[in-house]
Amino acid sequence: MLIRKYPSVLIFLGILAAFTIAVTLMSQAYGTGAIPTSMVKTLGKTLCLALAALAMDLVWGYAGILSLGHMAFFALGGYMIGMWLMYARTGEIVAATLANAPIPPTPMELQQGITSQIFGVVGSSDLPLTWAFAGSLPMQLLLVLAVPGLFALVFGWLAFRSRVNGVYLSILTQAMTLALALWLFQNDSGFRGNNGLSGLQNIPGLGHVPQATLSVWFLWASALALGLAYLLASWLVAGKFGSVIRAIRDDEARVRFLGYSVEGYKLVIFTLTAMICAIAGALYYPQAGIINPAELAPIASIYLAVWVAIGGRGRLYGAVIGAVFVSLLSSWFTGGRAPDLNLGPFSVQWVNWWQVLLGLAFVCVTLFAPRGLSSVIDAITGLRHPNRRGQDLGPDLGALREQEAEA
Amino acid sequence: MRRIVFCLLLLIAGPASAQDLGAVLEVSRDQIAKPSRQTIGPVIDEIAASGAGAVTFLEAWGDRRLGLTAEGRFAIVDGEATIDAVTGARITEEVDLLRPNSGVRGLIAAALVPAQLADPDPVRRQAALDALGRDATPGHLPALRQALQDPDPGLAARKARLERLLTIRFDPDPAARVTAIDSFDGDDGTDVQAALSPLLATSRVAAASLPETANIAARLSPGSDDLSPDAAYRLLVDAGLARARLTEADQKSALAAHIEGDQVAGVPVADLADPAARDRAYAALAQAGTLAPAATAEEVEAALKAHVFADIYAEASPEVTDAARAALNDMAFRKRVQQGADLTLDALSLASIYFLAAIGLAITFGVMGVINMAHGEFIMMGAYTGYVVQTLVPGKTVSLIVALPAAFAVTFLAGVVLYLLVIRHLAKRPLETLLATFGVSIALQQMAKNIFGTQARPLTAPDWLGGAISWGEVVSISTIRVAILVLALLFLGLFLFITRRTRLGLNMRAVTQNPGMAASMGINPDRVAMMTFGLGSGIAGIAGVAIGLFAKVTSELGSDYIVQSFMTVVVGGVGNIWGTLAGAALIGGLQKGIEVLNPANTLAAQTWMILFIIVFIQFRPRGIFPTRGRFVEG
């Protein structure tokens, strides 16, 4: 049913599977070694970013809520899994050290050793209350979903209830992100201040597995998560729920007058996408190895919107294409691998000028190609936007423009 | 004359058994040659009391002009001449100069005070008063009282004040001390504080019962906030009233010392990961007499019950401590009030900065419903324009006068160009505009980085803006912040003038209220929007110069203020200058106010402020002064 309605789902899953198998066969752990481990990690991280972009597309492209705070949920997910990774890993190290002592350590001493290892850097020797479950993997996995989910639920309820929308909502979500980042930056908030959590690439209990193998495992996990989330998102937008949130995007007042609980729908999509972002973050940061409050900077969330816009909002594959394209291009340019552009007396070094190019390219996409990179796919498949004589799909601020709509 | 007065003083104040200088020096030659601050005091007092020649001797000693000859006679080096300290005869042989350290020299200086207080030279009297203010002993009080008369009224006042301060510290009569304390009512001088604070010094004691005469500051019960049971028991242990408790670390090391094979007193080592097993092993060892038994929980409980704990003043008289505490409390209250005034100034200054940064944003948001994410970069452009002008134009004042209009012109143009190229094509699409201007913002920021480098560029204020205006010790504000406040007020006035008295303002208001109707009345909304956008951007440029004057100019300058500017606009309400003003005042005041509650942590202040704003938006979704009218989209 879903496949018949959206044949692109099969194509997407096929491409994703082919990509994952290809990378595996070229990795150092399971194949020829053509792709170095660091590149495998970059690709795995890119899949996680694509997952976050998918969530952003659901909330912005389909529900019309321009949230500038979804990277905060991404980072929160990373923090939640990072707490377990750091606690358990430090526990292994401390236990190994204390095993040399003549008397075996009590559980209390073990915990004190871990605490002073983790929090010595911020001058604290007590385990904060927020770390109460840090020793248990199932609890922290639950928190990966629960903390960002509850956070989004409360924030969304407050915001949607008082009918904050449009630009106000964007600014408010940005403020929320900034507040969270500033709070995490404090040493006494219990998350190691601006040191953040580090050493996350070492998975407790898997010390014997080399990083080359681990990176491929994480690539598989990221690809699986992206594939499942894509299926879920396609199913959501294909059904009645999808129709309602699209209608809310284009004309909220009319949906409300038709008797739908607009706030409820918005709240569901906001919380759900926050949780998808959290999963993406929980898969991303073990590959990145370190997380600190700078990851929550408001600008990161705006970049997420930029990826979706460049890929083409309102199409699920557009978000994925945009995130993959821009983040890979970005790491290529900023990695110093791009050749300098020689303009006679002036030579453009891309490390310095890439941001300028990105910014201007983004302005051009918004102005001239609202469908972004998806317009390429539309051109191939022969899709054309409907002729509405310059009218947008609805009166609301988040409504799709004429050129963005699908015929 | 000086000597005579000194001798008189000694007759009154000094000890009766004054000895001859020569005899004193003879007895304590070694101590004088190698003095230590702890033990030299009595010797100096004896010398001071020894009559003729003592002052000269002490002055020379303190100035490091005193020496010892090979045969042990003291000699004073005075320029070219060297004379014997006791006899005054000339000495020709080699002299080994003594070098007392600063602590000893302080004691010498204190001993010289009585003589110097009565010196005919006002400069010397002043120096003596300074020395007395720093380092006084009980013996100085009568000396000072004798020398209260002074021909110089300023010095006489100082002497009187010092006499009251020394009375507080040294007078044997509590009533006199209380009178002296009361006489300082309303006086916040640090010297008064220094005299009063030591009176309230307490020591924490634990005893079976407190002595009747003790001046108790507070009785403490173990387990209260001020005294934890652990701390109370430690007091008892320190006082030798109870047996020490066994700490976990001690227990562990004691057990480790008694490992036999793989057992400790019959308990397997592997089991010792359990605290109960450790207690068992230790108890077994204690029973066998190998280890000293530690205090049990019951013993601790009983010991805590059997003793009383209190903070006791070192000062014996309760009247004096009460008066001192009252005086210090008054002082603290007055200081609080002053700090409050200072804080209000700070908040006002911060609010004026936010107002300047936000006013341009508010104008464009009000007229077009457009959030310009590049607004922060316009602020940065203004600051960099100021920097460039300053490198080209000599003279700080002139360059500042040139920089303000230059920054306005540059950012006005930039705003108009941004409007024509981007914003006009995204009419009625505020969210797309937000993102597109964000693209402009990252491009501009990176371009500034490429052109000016990542390090901070200085934008120096002219000297007449360099100082600070202060009232009293606590309340002060830097001149530059006053200038920014004035600038903010100027722009408030300018903006009111433009909107109320000019054609452009009329058109702006018309377009804000109803663009369609305005257009049908012959107003070109596009043109009005362009001018408005230019105006808003131009003000951002001027704000940039103002901010650059006290903050370093970097490419991130604008983004530091942009979120606060958004908050100001959102809280204030759209399209209303008074709303922006109220928003800026609220945010600036709030941020400073929260900082007071937790002064060490400005990050926390910002976090709480943002949370407050999120809650505030719940109740006033359209800001403090919402725009009203049929055509306001909502």
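Trainee: What makes strand β1 and strand β2 of chain B count as a pair, and how many bridges join them?

Mentor: Two strands pair if DSSP finds at least two bridges between them. Strand β1 (residues 66-69) and strand β2 (residues 74-78) of chain B run antiparallel and are joined by 3 bridges, so the condition is met. In this pairing, B:Gly67 stands opposite B:Ala75. The strands themselves are DSSP runs of E, at least two residues long, while helices are runs of H or I of at least four, and both are numbered from the N terminus.

This is a predicted model, in which local features need pLDDT of at least 70 and side-chain atom pairs count only at pLDDT 80 or more, while totals for chains, interfaces and linings use all residues. Residues are numbered from 1 along each chain as its sequence is written, and chains are lettered from A and ligands numbered from 1 in the order in which they are written.

Trainee: Which strands stand at the edges of the sheet in chain B, and why?

Mentor: The open sheet has 4 strands in the order β3-β2-β1-β4, with antiparallel pairing. β3 (81-84) and β4 (95-97) of chain B each have a single partner strand, so one side of each is left without a neighbour in the sheet. From one strand to the next, the twist averages 40°, with axes fitted as lines to C-alpha atoms and angles running from 0 to 180 degrees between N-to-C directions.

Trainee: Turning to chain A, how many helices and strands does its secondary structure come to?

Mentor: Chain A has 15 helices and 4 strands.

Trainee: Why is chain A called as compact as a globular protein of its length?

Mentor: The globule rule is 2.2 Å times the number of residues to the power 0.38, and the radius of gyration is taken over C-alpha atoms. For 407 residues the rule gives 22 Å, and the radius of gyration of chain A is 23 Å, close to that value, so the description applies. Along the principal axes, the C-alpha atoms of chain A fill a box of roughly 85 × 55 × 50 Å.

Trainee: How do you know whether A:Ser38 is buried or exposed?

Mentor: A residue is buried if 20 or more other C-beta atoms, placed from the backbone, lie within 10 Å of its own, exposed if 12 or fewer, and partly exposed in between. A:Ser38 has 10 C-beta neighbours inside 10 Å, so A:Ser38 counts as exposed. A:Ser38 lies in helix α3 (residues 37-62) of chain A. Its C-alpha atom is separated by 9.5 Å from that of A:Gln287, 249 residues apart along the chain. Across chain A, buried residues make up 46% of the 407 residues.
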